[in-house]
Amino acid sequence: MNVYQDNLPEEEKSKPSKHQDNPNGGIFPRSALNDYIPVWEKIVFFLIGFLGLNIISVIVSIVIQSIPGMLVRTENGYLKVTSLASALVNFLSYALLVMLFLLFLFLDKRGNYKRYFASYAHPKAYLFAFVGLLAIYLMQALFSVCYSRITFYSSNDNQTSLESLSHSYPALLFFMTVFFAPFCEELTYRVGLLDAIGHKYKFRWLGIVLSAIFFGFIHFDFSAITNYWAVLADSESTASEITKAMQSVQIEFLNLPIYIMSGFFLGLTYALSGEIAASTTAHMVNNLIGFLMILVQAYASKGDSSSAVSLLSFLPHFLF
């Protein structure tokens with residue numbers, strides 16, 4: 001019995017094997033989720049993760065900010081959300097999104113939740129996950145070497161905000177970054193966008209590339225651009241403030257190809273294995289390693305700040 005049929009629920013293994021081989025040839029095997037989920041449902045998966053998360057975040061943010069103590073007033077008189085409020089908004093938004101995805105999977109009359117979870121029972125999925133994760137690390141190491149001469153280069157806002165929140169509220173960030181976000185994003189950009197474009201296997205490469213681009217830009221902080229134009233338009237802005245604002249924009253663009261390439265390798269891992277467990281596992285392990293390294297760096301800094309070796313420059317990017 002082949003890899004594809006091994007991943008089907010028991011009641012479907014006895015059915016005719018019309019889905020076993022890819023009629024279009026190529027290097028991509030058949031995928032249970034790609035074959036049995038219709039295009040409209042894949043588009044719904046994408047919309048739930050892409051638009052649904054933003055809608056949920058706005059609602060959760062309004063609720064959290066209405067709780068006393070979640071907003072503080074700055075020296076300039078402006079209201080600012082506390083770090084606890086930010087951590088709760090991120091955690092609860094993704095927790096609700098996970099429940100929405102699970103509800104959608106389990107209410108599906110086609111029993112796609114069986115196909116999803118059957119993917120995790122096949123050992124080859126973890127071999128592909130390891131290879132995909134290795135490719136991501138090698139790519140990130142290559143970019144680190146290329147960027148080593150750029151003195152102002154650092155992690156982008158997505159990474160630094162997660163690092164900060166991980167120090168303050170590790171339990172919330174652990175579940176969000178290691179479990180919730182990978183589960184939701186793989187359903188959104190691999191089962192959703194990639195499979196919707198490559199539904200008949202003719203446009204598999206296009207699906208991998210476009211889903212990678214979308215994945216990259218969700219980690220891009222567009223407010224860095226608007227902030228730069230605001231600083232530039234302010235006649236009272238100093239040269240150093242303008243330079244700092246410009247460098248923030250440059251940092252976002254320098255980090256963008258890292259996230260796009262990470263999305264590309266995750267998409268390739270899913271497409272080559274035919275198993276959503278492969279890309280999801282690679283995603284989760286990457287975030288887990290990044291999270292653990294942040295905790296190690298924080299512990300080392302508290303122990304002896306003069307001799308502690310900073311690990312932040314070697315951190316894997318959170319594929320949040």
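In this predicted model, Phe203 makes contact with Ile197 and Gly198, once residues up to four places away in sequence are set aside. Phe203 sits in the loop that runs between helix H9 (170–197) and helix H10 (204–217). With a relative accessible area of 48%, Phe203 is partly exposed.

Gly198 also turns up in the surroundings of Asn34, whose side chain reaches the backbone oxygen of Gly198 at 3.3 Å. Asn34 belongs to helix H3 (residues 32–36) and is buried, at 0% relative accessibility. Beyond its neighbours within four places in sequence, Asn34 is in contact with Lys42, Asp195, Gly198, His199, Tyr201, Arg204 and Tyr270. Two of these partners, Asp195 and Arg204, are themselves joined in a salt bridge, with their closest N and O atoms 2.6 Å apart. Both ends of this pair are shielded: Asp195 is buried, with a relative accessible area of 0%, and Arg204 is buried as well, at 1% relative accessibility.

Salt bridges deserve a closer look at this point. Side chains of opposite charge can pair when their charged atoms come close. The structure holds five such salt bridges. One of them links Arg110 with Glu41, where the closest N and O atoms lie 3.0 Å apart. Arg110 is found in the loop between helix H5 (83–107) and helix H6 (112–118), while Glu41 is in helix H4 (residues 39–65), so the pair ties together parts that are 69 residues apart in sequence. The two partners differ in their surroundings, as Arg110 is partly exposed at 38% relative accessibility, whereas Glu41 is buried at 1%.

A further salt bridge joins the side chains of Glu186 and Arg190, at 2.7 Å from N to O. These two residues are four places apart in helix H9, and therefore about one helical turn separates them. An α-helix has 3.6 residues a turn, so residues three or four places apart point the same way. Glu186 and Arg190 are both buried. Returning to the pair formed by Asp195 and Arg204, their closest N and O atoms are 2.6 Å apart. Elsewhere, salt bridges with shared partners bring Glu41, Asp108 and Arg110 into one network.

Helix H4, which carries Glu41, can be checked against its expected length. At 1.5 Å a residue, its 27 residues should span 39 Å, and the 38 Å between its end C-alpha atoms agrees with this. H4 nevertheless has a bend of about 40° at Gly52. Gly52 is one of the buried residues of H4, which also include Glu41, Lys42, Phe45, Phe46, Ile48, Gly49, Leu53, Ile56, Val60, Ser61 and Ile64. Which helices do the buried residues of H4 pack against? Their packing partners are H3, H5, H6, H9 and H10. Lys42, buried in H4, is also among the contacts of Asn34.

Another buried position is Ala277, in helix H13 (residues 276–303), with 0% relative accessibility. Leaving out neighbours within four places in sequence, Ala277 touches Ser119, Tyr120 and Ala125. The C-alpha atoms of Ala277 and His122 are separated by 8.6 Å, although these positions lie 155 residues apart along the chain when counted as a separation in sequence.

For readers with cysteine chemistry in mind, the disulfide count comes to zero. Cys146 is partly exposed, at 48% relative accessibility, whereas Cys184 is buried, at 1%.

Taken over the whole protein, the secondary structure comes to 13 helices and two strands. Of the 320 residues, 47% are buried. Among contacts with a separation of 6 or more, 78% are between residues 24 or more positions apart.

How values were computed:
Residues are numbered from 1 along each chain as its sequence is written. This is a predicted model: local features need pLDDT of at least 70, side-chain atom pairs count only at pLDDT 80 or more; totals for chains, interfaces and linings use all residues. Side-chain values use heavy atoms; hydrogens and water are left out. Buried means under 20% relative accessible area, exposed over 50%, partly exposed in between (1.4 Å probe, protein chains only). Contact means heavy atoms within 4.5 Å. A polar contact is a pair of N or O atoms within 3.5 Å; within protein, one must be able to donate a hydrogen and the other to accept it, and residues adjacent in sequence count only if both atoms are side-chain atoms. A salt bridge is a side-chain nitrogen of Lys or Arg within 4 Å of a carboxyl oxygen of Asp or Glu. The expected span of a helix is 1.5 Å times one less than its number of residues. The bend at a residue is the angle between axes fitted to the seven residues ending there and the seven starting there. A disulfide is a pair of cysteine sulfur atoms within 2.5 Å.
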